[in-house]
Amino acid sequence: GLFLSKTFGKNNCYRYGGDEFLVICPELTEREFREKLNTMLKSKPSINIDGQSVNIDFSYGYVHGTVKDTESLRQFLTIADKRMYASKNKKQH
């Protein structure tokens, strides 16, 4: 969550599950969001564990649009979730 909040702002990042986070950036265009995401991916975030630097790897999925009601929010979350699992599966092969 720390790397997300540094990239997208603390007020835009939310814990969505045990190891899942939700980023909501209403002020960004899709292009601006992707640019920030790519910058974060290229930075290869790492943490220090017992004196050793360990790279953090993550999978992600996103959707861009305007939420009009709870049903469209559910649809957005479903799409982002499917994309996240597709990203995760690519890394395992």
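Which residue in β4 is the bridge partner of N48? In this predicted model, the partner of N48 is S53, and the pairing belongs to an antiparallel arrangement in which strand β3, spanning residues 46-49, is joined to strand β4, spanning residues 52-55, by four bridges. The hairpin formed by β3 and β4 has two residues between the strands, and within this hairpin D50 adopts a positive phi near 50°.

The cysteines were examined next. The structure contains zero disulfides; C13 takes part in none, the nearest cysteine sulfur being that of C25, at 6.6 Å, and C25 is likewise in no disulfide, its nearest cysteine sulfur being that of C13. Because a disulfide is assigned to a pair of cysteine sulfur atoms within 2.5 Å, the separation of 6.6 Å between the sulfur of C13 and that of C25 does not meet the cut-off. As for their surroundings, C13 is buried, with a relative accessible area of 17%, and C25, at 12% relative accessibility, also counts as buried.

A further set of contacts involves T7, a residue of helix α1, which covers residues 2-8. A polar atom of the T7 side chain is placed 2.9 Å from the backbone oxygen of F3. When neighbours within four places in sequence are left aside, T7 is found in contact with K36 and M40, so that the description of T7 combines a polar approach to the backbone of F3 with contacts to residues beyond those four places, as the contact cut-off of 4.5 Å defines them.

Note on methods:
Residues numbered from 1 in each chain as written. Predicted model: local features only at pLDDT ≥ 70, side-chain atom pairs only at ≥ 80, totals over all residues. Heavy atoms only, no water. Buried < 20%, exposed > 50% of the residue type's maximum accessible area, 1.4 Å probe, protein only. Pairing = 2+ DSSP bridges. Polar contact = N/O pair within 3.5 Å; in protein donor to acceptor, adjacent residues only side chain to side chain.
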